[in-house]
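The report below works through one molecular model, moving from selected helices and loop residues to a pocket and then to a second chain. Please keep the sequence and the coordinates open while reading.

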Amino acid sequence: MLRRCRMDLHIHSALSPCAEVEMLPELIVMKAEMEGLDVIAVCDHNSAENAAACVEASRDSPVRVLPGIECETREGVHVLGIFDRPEQAAQLQEFVWSRLPDEPNRPEFFGQQLVVTADGDFVRYNPRLLVTSADAGLEEMCARIRDLGGLALPSHVDKTFAGLIGVLGLIPEGLDLEGVEISAALTPGEARARYPQLAGLGLVRSSDAHRLSEIGQVWTAAWLEKRTVEEIRLALCGRMGRRLEE
Amino acid sequence: MSGCCRSPRSAESLVMDNGHLDLKTVVETLGLKDLGAAPPDGRKVTGAYTSDLLSDVMGFARAGEVWLTVQSHLNLVAVAALKELAAVVVCGGRGVEEPVLAKAREEGVVILSSAESSYETGGRLWEMGVRRAQ
């Protein structure tokens, strides 16, 4: 039985530099519930350390939390890797960290990177610089996400800063994608008119929330049977009745 | 680096009457490495453009210019071919992977490598008298 699900697949927790400290698992889930969201993905910069806590915080909630990472590739392109299970996101994190430069975070510029429990209790600061590129090309990163069973969804592709089309000019030929995220400034229709290369791709919009008040301001409706990565993949392709509402 | 002490005045004499330079002269003067994509022979350089955002190059570079960048993604071949650029100069001693070179050979795109940064390479081109194409 297909049901209409409101998805916001790009939310940062307090682990991401520049996210507000209130972005704690149970508060994120509570706000998502208040906003009537059915599926959210928590995707911090180059790390999944709070993803399991966010999944745990949603245990008694109607909101389904998908664990993810927003990876930055060698080219300076941001890509969401979205998974069903925290272990998969942790495996992607291991790969990304093996390719990140060994630089310390500068909290005075980027803020503290907070690792927390589901209840929002402090665990530790992540001391490494997370807002930088991993030494892995876009194709390699997307393939790695896919091999781990995840959905690779390039973030805000139309943005000059860190968006696939902004940085690389064109969507690379042969890049295996079902869809992309467009920025909230564009409707899917406007995006297709401006970038004909988006034809055939599922277009989602998300809040890219760095503060609680931003959660639920932008979302995408999808008709899904279950709230899983595979179902979202089908919806992006418009297959087996699963589809996005534009 | 050899060539750093060359005075701007003597370098400017490299520019031909029509304001253009041979790409081969640029390669030799700057000590650029030919990465083995399309051969640089016989091409004219009408100017130069520096950017790592390929969308920016698509928007603003002009035909006949050399493009200085640290990007190495395959898409740079498509952008260079689309804009009919004289060559791509990958700066900072970086190279590109073989599939990029193969595509560049197919599209007739010249790819060179500079041991110096984009800033220094651009400065050296300026000293040679290279300006933006009109």
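Helices (H or I, at least four residues) and strands (E, at least two) are taken here as DSSP runs, numbered from the N terminus. The model is a predicted one, in which local features need pLDDT of at least 70 and side-chain atom pairs count only at pLDDT 80 or more, while totals for chains, interfaces and linings use all residues. Residues are numbered from 1 along each chain as its sequence is written, chains are lettered from A and ligands numbered from 1 in the order in which they are written, and side-chain values use heavy atoms, with hydrogens and water left out.

## Loop residues of chain A

Two residues of chain A that are not glycine have a positive phi, and the table sets them side by side. A residue is called buried under 20% relative accessible area, exposed over 50% and partly exposed in between (1.4 Å probe, protein chains only).

| Residue | Phi | Loop in chain A | Relative accessible area |
|---|---|---|---|
| Asn46(A) | about 55° | between β2 (39–45) and α2 (51–57) | 1%, buried |
| His156(A) | near 25° | between β7 (151–154) and α6 (164–168) | 6%, buried |

Contact means heavy atoms within 4.5 Å. Not counting residues up to four places away in sequence, His156(A) touches His10(A), Glu70(A), His78(A), Phe161(A), Ala162(A), Gly163(A), Glu181(A), Ile182(A), Ser183(A) and Asp208(A).

## Helices α3 and α8 of chain A

Helix α3(A) covers residues 86–99, and its 14 residues should span 20 Å at 1.5 Å a residue (the expected span being 1.5 Å times one less than the number of residues), which agrees with end C-alpha atoms that are 20 Å apart. Within α3(A), the residues Gln88(A), Ala89(A), Leu92(A), Gln93(A), Phe95(A) and Val96(A) are buried. Because these buried residues cover an arc of only 165° around the axis, they are on the same side of α3(A); the arc is that of the directions from the helix axis to the C-beta atoms. The partners against which the buried residues of α3(A) pack are β3 (64–72), β4 (78–82) and α5 of chain A, whereas the face turned away from the buried side carries Glu94(A) and Ser98(A), which are exposed.

Helix α8(A) is mostly covered, with seven of its nine residues buried, namely Val229(A), Glu231(A), Ile232(A), Arg233(A), Leu234(A), Ala235(A) and Leu236(A). Leu234(A), placed in this helix of residues 229–237, has a relative accessibility of 11% and therefore counts as buried. Once its neighbours within four places in sequence are left aside, Leu234(A) is in contact with Arg239(A), Met240(A) and Arg242(A). Leu224(A) is 10 residues from Leu234(A) in sequence, and their C-alpha atoms are 8.6 Å apart in space. After α8(A) comes Gly238(A), with a positive phi near 65°.

## The largest pocket

On a 1 Å grid over the protein atoms alone, a pocket is an open set of points where a 1.4 Å probe fits, with protein on both sides within 12 Å along at least five of seven lines, and lining residues have an atom within 4 Å of a point. The largest pocket has a volume of about 590 Å³, where volume is the space filled by probe spheres set on the points, joined across faces, edges and corners. Its lining consists of 26 residues, and those nearest the centre are Arg74(A), Glu75(A), Gln71(B), Ser72(B) and His73(B). The elements that give two or more residues to this lining are α5 (138–147) of chain A and α5 (98–107) of chain B, and the largest share, three residues, comes from α5(A). By type, the lining residues divide into 10 nonpolar, eight polar and eight charged, with Ala, Val, Leu, Ile, Met, Phe, Trp, Tyr, Cys and Pro counted as nonpolar, Asp, Glu, Lys and Arg as charged, and the others, Gly among them, as polar.

## Chain B

Chain B has six helices and seven strands, which run α-β-α-β-β-β-α-β-α-β-α-β-α from the N terminus on. Of its 134 residues, 46% count as buried.

In α5(B), the buried residues are Val100(B), Leu101(B) and Ala104(B). They fall within an arc of 95° seen down the axis, so they line one face of α5(B). The cover over these buried residues includes α4 (75–82) and β7 (111–113) of chain B, while Pro99(B) and Glu106(B) are exposed on the other side of the helix. Just after α5(B), Gly108(B) takes a positive phi of about 70°.
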